[in-house]
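Me: Please take a close look at one helix in this structure, with whatever packs around it. Add short notes on other places that can be described from the coordinates.

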Amino acid sequence: MTNALKLGTRRSKLAMAQSGQIAEAVRQITGRPVELVEITTYGDVSREQLAQIGGTGVFVTALRDALLTGEVDFAVHSLKDLPTAQPDNLLLAAVPQREDARDVLVARDGLTFEQLPPGARIGTGSPRRMSQLNSYARVHGLTIETVPIRGNIDTRVGFVRSGELDAVVLAAAGLHRIGRSDEVTEFLSVDVVLPAPGQGALAVECAATSVDLAAALAELDDPYTRAAVTAERSLLAALEAGCSAPVGALADLLADGQVVNEMRLRGAVGTPDGSELVQLSITGPVPTSHNDAMALGRELASEMLAKGAAGLMGERAQ
């Protein structure tokens, strides 16, 4: 009997669902059974707001430790949770094709954002979402109150069902992956809220010494997704911001007819109350290498810093 590969995953319903999808793909590629190993991370047990506990790596460190000790052979992360610096002893073996990167609104009575009553209470654990929602509301004469919340999808949607909140904002990808897209009352345009860098994408990681496994996992890699998220994460790194900072970024491909010839990278940084927001974009050739994608992110970051982005992020990551 072929030895089972051990896949490290967080225990949440969403993490198990997305890891299960990767496990099935790896079974088909390798012909080996894949066993899910549930690992509890600091971010799962802490009840503090992500901005307080630093955000960076809190959902990742325990999984990476399990990789390095050999407890698991590979791990699946939500890419937006990964710190921007990649350790030398671990390999980002695959970034599969991205799910929907947008944020969504789950509101009472099927309401959209524009239909929410004055003073509506909107729950989110993300300073990025707070900043952009508050900015959009200011510009369009809406009054909202953003309320910091933590918890899994059930917990967050439960705040709306119980009447404690009028709406919550979540990632579209998570609801898609657990089959709950029918609860979305509005898919928020990226012109309203730019997603987190890497949102909607998964990261498949293994030890750098696992050469054969890395080669097999690489078959799951989507080069366009990898180029896009590399540019987004390069922007985040160049802003010296952690993954809980109020930074939105999205790289998308621009086509001329059927030919994809350019990549546009958009970035947003703002104060939590939305009173100040720096939003810029740049367009360049589709990156053909890791370095090209990194350069696109650094270029936009330097333009945003020149417009005062650093002063809007509070404490910058060390």
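**A close look at one helix, with notes on other sites**

Reply: Ser-12 is partly exposed, because its relative accessible area of 24% lies between the 20% limit for buried and the 50% limit for exposed. The model is a predicted one. Ser-12 sits in the loop that joins strand S1 (5–9) to helix H1 (13–30). Its C-alpha atom is 9.2 Å from that of Thr-40, a residue 28 places away along the chain.

The helix for the close look is H5. H5 has 13 residues, and the distance from its first C-alpha to its last is 18 Å, close to the 18 Å expected at 1.5 Å a residue. Of those 13 residues, 11 are buried, so H5 is largely enclosed by the rest of the structure. The buried stretch begins with Pro-127, Arg-128, Arg-129 and Met-130. Ser-131, Gln-132, Leu-133 and Asn-134 are buried too, as are Ser-135, Tyr-136 and Ala-137.

Both ends of H5 have something to note. At the N-terminal end, Ser-126 acts as a cap, with a side-chain oxygen 3.2 Å from the backbone nitrogen of Arg-128. Just after H5 comes Gly-141, with a positive phi of about 70°.

Tyr-136 deserves a separate mention. The structure holds one aromatic pair, formed by Phe-113 and Tyr-136, with the ring centres 5.8 Å apart and 50° between the planes, which is a tilted arrangement. Phe-113 belongs to the loop between strand S5 (103–107) and strand S6 (120–124), while Tyr-136 is in helix H5 (residues 127–139), so the pair ties together parts that are 23 residues apart in sequence. Phe-113 and Tyr-136 are buried.

Arg-138 is another residue of helix H5. Setting aside neighbours within four places in sequence, Arg-138 is in contact with Asp-273, Gly-274 and Ser-275. The C-alpha atoms of Arg-138 and Gly-274 are 7.5 Å apart, although 136 residues separate the two along the chain.

Helix H10 can be described in a similar way. At 1.5 Å a residue, the 17 residues of H10 (residues 290–306) should span 24 Å, and the end C-alpha atoms are 25 Å apart, which agrees. The buried residues in H10 are Ala-293, Leu-296, Gly-297, Leu-300, Ala-301 and Met-304. These cover an arc of only 130° around the axis, which means that they lie on the same side of H10. Among the elements covering them are helix H9 (223–238), strand S12 (259–270) and strand S13 (277–285). The face of H10 turned away from the buried side carries the exposed residues Asn-291 and Ala-306. Gly-308 follows H10, and its phi is positive, near 100°.

The last site is Glu-183, in the loop between helix H7 (172–177) and strand S9 (186–187). The Glu-183 side chain makes a polar contact with the side chain of Arg-161 at 3.3 Å. The side chain of Arg-180 is also in polar contact with that of Glu-183, at 2.6 Å. With neighbours within four places in sequence left aside, Glu-183 is in contact with Val-106, Val-157 and Arg-161.

Notes:
Residues numbered from 1 in each chain as written. Predicted model: local features only at pLDDT ≥ 70, side-chain atom pairs only at ≥ 80, totals over all residues. Heavy atoms only, no water. Helix = DSSP H or I, 4+ residues; strand = E, 2+ residues; numbered from the N terminus. Expected span 1.5 Å × (residues − 1). Buried < 20%, exposed > 50% of the residue type's maximum accessible area, 1.4 Å probe, protein only. Arc of directions from axis to C-beta. Contact = heavy atoms within 4.5 Å. Phe/Tyr/Trp six-rings, centres within 6.5 Å; stacked < 30°, edge-to-face > 60°. Polar contact = N/O pair within 3.5 Å; in protein donor to acceptor, adjacent residues only side chain to side chain.
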